[in-house]
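Please go through the structure below step by step, starting from the ligand and moving outward to the sheet, its helices and the core.

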Amino acid sequence: EQTFAVVPAAGSGVRMGLNHPKQFHLLHGKPILAWTLERLLALPFVHGIVAVVPENAVGFVAALASSLGAGASVTVVAGGARRQDSVRAGLRALPDTCQWVVIHDGVRPMASPELFYRTYEAARQSGAAICACLAQDTVKMADSGWVQATVPRDRVWLVQTPQVFRRDLLERAFHLAQAFEWNATDDASLVERLGVRVAVVEGEKFNIKITTPEDLLWASWYLEHSPK
Ligand code: C5P
């Protein structure tokens, strides 16, 4: 049973205010995406990676993978307009031998090996698993500057990647999403709509999705100090 990782990294990074997508921003001389790919390449249960990148960056990322000594295990394909279009493009590039899929954002370079294992193990038990952190602030719904409701925070989980799925479940979810025009900001929400139960394991506070310039400061410090 082979496991592959699909790494969506085809966003434009407009919220970062950089003149290049954030996944290619250099941290300690290395693009963020390279930090993420290295983490995945170090996992013994991952047989290969499909990196999904902007169309004009396919050549660059293929060269980047070769420079990591991983040219053979990384396939690079072009992404789409929404994250879910990019993941779908990644799924199409998986080999027939792949039965489990680890989806991990290209801009989350700080996920630990333990987090990948924990999420993978949970998915192997149930078919689908995500990692998430319980909300620590009080959570409210608000609209036009006015509070609408207070949400019990002991039931609010802030969801991260990795998310791990049995391949056939994921393919079915993406097939239906295409047919019925479902929109989702993560992959599990499509699988949930199949009626499949998705397991939740504890995420990591520092497994942030690098989105804003402040995130870069934190990531830069962490990657210098964290164990490799
Ligand atoms: O846009 P968001 O912050 O949710 O992006 C999470 C991940 O999905 C990033 O790694 C980003 O590059 C990727 N993405 C993508 N294709 C898109 C939009 C985002 O692969 N069209």
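In this predicted model, the ligand is surrounded by 18 residues, of which Pro8, Ala10, Gly11, Ser86 and Gly106 are the closest. Sorted by character, the shell around the ligand holds 6 nonpolar, 8 polar and 4 charged residues.

The strands can be taken next. An open sheet of 7 strands, with mixed pairing, follows the order S5-S4-S1-S6-S10-S7-S11, and its edges are formed by strand S5 (74–78) and strand S11 (199–202), each of which pairs on one side only. On average, and with direction ignored, neighbouring strands of this sheet are turned by 25° against each other. Within the sheet, strand S7 (residues 128–134) runs antiparallel to S10 and is joined to it by 6 bridges; alanine 129, for its part, has valine 164 in S10 as its bridge partner.

Two helices lie across these strands. Helix H3 (residues 83–92) crosses S1, S4, S5 and S6, at about 145° to S1, while helix H4 (residues 113–126) lies across S6, S7, S10 and S11, at about 135° to S7.

The largest nonpolar core comprises 54 residues, and Val6, Val7, Leu37, Ile49, Ala51 and Val101 have the most contacts inside it. Helix H1 (residues 32–41) gives the most to this core, namely 6 residues. Beyond its neighbours within four places in sequence, alanine 51 is in contact with Val7, Ala9, Leu37, Val61, Val74 and Val76.

Arginine 153, by contrast, sits in the loop between strand S9 (146–151) and strand S10 (157–166), and is classed as partly exposed because it has 14 C-beta neighbours inside 10 Å.

Methods. Residues numbered from 1 in each chain as written. Predicted model: local features only at pLDDT ≥ 70, side-chain atom pairs only at ≥ 80, totals over all residues. Near = placed C-beta within 6 Å. Nonpolar A, V, L, I, M, F, W, Y, C, P; charged D, E, K, R; others polar. Core = buried A, V, L, I, M, F, W, Y, C linked by C-beta atoms within 7 Å. Buried ≥ 20, exposed ≤ 12 C-beta atoms within 10 Å, placed from the backbone. Helix = DSSP H or I, 4+ residues; strand = E, 2+ residues; numbered from the N terminus. Contact = placed C-beta atoms within 7 Å. Pairing = 2+ DSSP bridges. Axes fitted to C-alpha atoms, helices over the stretch in contact; angles between N-to-C directions.
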